[in-house]
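Q: I have a model open and would like to learn how to read its features one at a time. Could we work through it together?

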Amino acid sequence: MEIPVQEVILEQYKIYNESKEAYIDRNFTTNRFYTILCLSILFVTYIVHIFTPEILIMLGVCTLGMFTSALWWLNVDTYNALIKIKYARVLEILEQSLPKQPFRDEFNEAVNLRPDKKTFVFADVQKVFASLIFLSFAVIAVLNAFVFLRRMGVSTDPLPPM
């Protein structure tokens, strides 16, 4: 008994779609993790600033925060690329073999509903947020590096006195 090709394609489509949805859920879980972790490190930076005069600890916490936010940015970028290439494109190709193309139809309806609007990409917002967190840690680190250098007796003036 031979299974019709349409049924095989439909089953592949269902499996791939479920896999894509699970991947997107993992993406949101990962972003939630990084958001909480980066904000926690930012809070620790504030606590260290209040209770510890030790600048090297502050620089260490800021370095950890910059590293974590950079990893977050890379993670968002990777997830976004994989979702676009691996899942969306493959589903698009599989969908062409089906009598009805629900994702294509949904996309076309969304475009028709808002023809003058640009597509809102949530991954871009996540990358901007990760970048802002990175910059926050970088500014705090640079300011504390200046304080550290002054305590060590190094001049931080931009030009030497004449």
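Q: Is Lys14 buried, partly exposed or exposed, and what is its relative accessible area?
A: In this predicted model, Lys14 has a relative accessible area of 40%, so Lys14 is classed as partly exposed, since that class lies between the 20% and 50% limits. Lys14 forms a salt bridge with Glu11, and the closest N and O atoms of the pair are 3.6 Å apart. Glu11 is likewise partly exposed, at 41% relative accessibility.

Q: How many residues apart are Glu11 and Lys14 in helix H1?
A: Glu11 and Lys14 are three residues apart in helix H1, which means that about one helical turn separates them.

Q: What should I look for in salt bridges generally, and how many does the structure hold?
A: The general idea is that side chains of opposite charge can pair when their charged atoms come close. The structure holds three salt bridges. Besides the pair already discussed, Lys20 forms one with Glu21, where the closest N and O atoms are 3.9 Å apart, a value that falls within the 4 Å cut-off. Here Lys20 counts as buried at 12% relative accessibility, whereas Glu21, with a relative accessible area of 36%, is partly exposed.

Q: Which residue forms a salt bridge with Lys127, and how far apart are the closest N and O atoms?
A: The partner of Lys127 is Asp77, with the closest N and O atoms 2.8 Å apart. This pair links distant parts of the chain, as Lys127 belongs to helix H4 and Asp77 to helix H2, 50 residues apart. Lys127 counts as buried at 15% relative accessibility, while Asp77, at 30%, counts as partly exposed.

Q: Where is Asn75 placed, and what does Asn75 touch when residues up to four places away in sequence are not counted?
A: Asn75 is in helix H2, and at 19% relative accessibility Asn75 counts as buried, because the limit for that class is under 20%. With residues up to four places away in sequence left out, Asn75 touches Thr30 and Tyr34.

Q: How should I read the nonpolar core, and which residues have the most contacts inside the largest one?
A: It helps to begin with the membership and then ask which elements supply it. The largest nonpolar core has 17 residues, and those with the most contacts inside it are Cys62, Met66, Trp72, Ile133, Phe137 and Ala141. The elements giving two or more residues to this core are helix H1 (5-51), helix H2 (55-96) and helix H4 (122-151), and H2 provides the largest share, eight residues. A second, separate core has five residues, including Tyr13, Leu91, Leu94 and Leu98.

Q: What is Trp72 in contact with, leaving aside its neighbours within four places in sequence?
A: Once those neighbours are set aside, the contacts of Trp72 are Asn31, Tyr34, Thr35, Cys38, Phe129, Ala130 and Ile133.

Q: What does the secondary structure of the chain come to, and how do the totals for the whole chain read?
A: The chain comes to four helices and zero strands, following the pattern α-α-α-α when read along the sequence. Of the 162 residues in the chain, 27% are buried. Among contacts between residues at least 6 apart in sequence, 84% join residues that are at least 24 apart. The accessible surface of the chain comes to about 11,700 Å², with 68% of that surface belonging to carbon and sulfur atoms.

Key. Residues numbered from 1 in each chain as written. Predicted model: local features only at pLDDT ≥ 70, side-chain atom pairs only at ≥ 80, totals over all residues. Heavy atoms only, no water. Core = buried A, V, L, I, M, F, W, Y, C linked by side-chain atoms within 4.5 Å. Buried < 20%, exposed > 50% of the residue type's maximum accessible area, 1.4 Å probe, protein only. Contact = heavy atoms within 4.5 Å. Areas by Shrake-Rupley, 256 points an atom, 1.4 Å probe, with all protein chains shown as cover. Salt bridge = Lys/Arg side-chain N within 4 Å of Asp/Glu carboxyl O.
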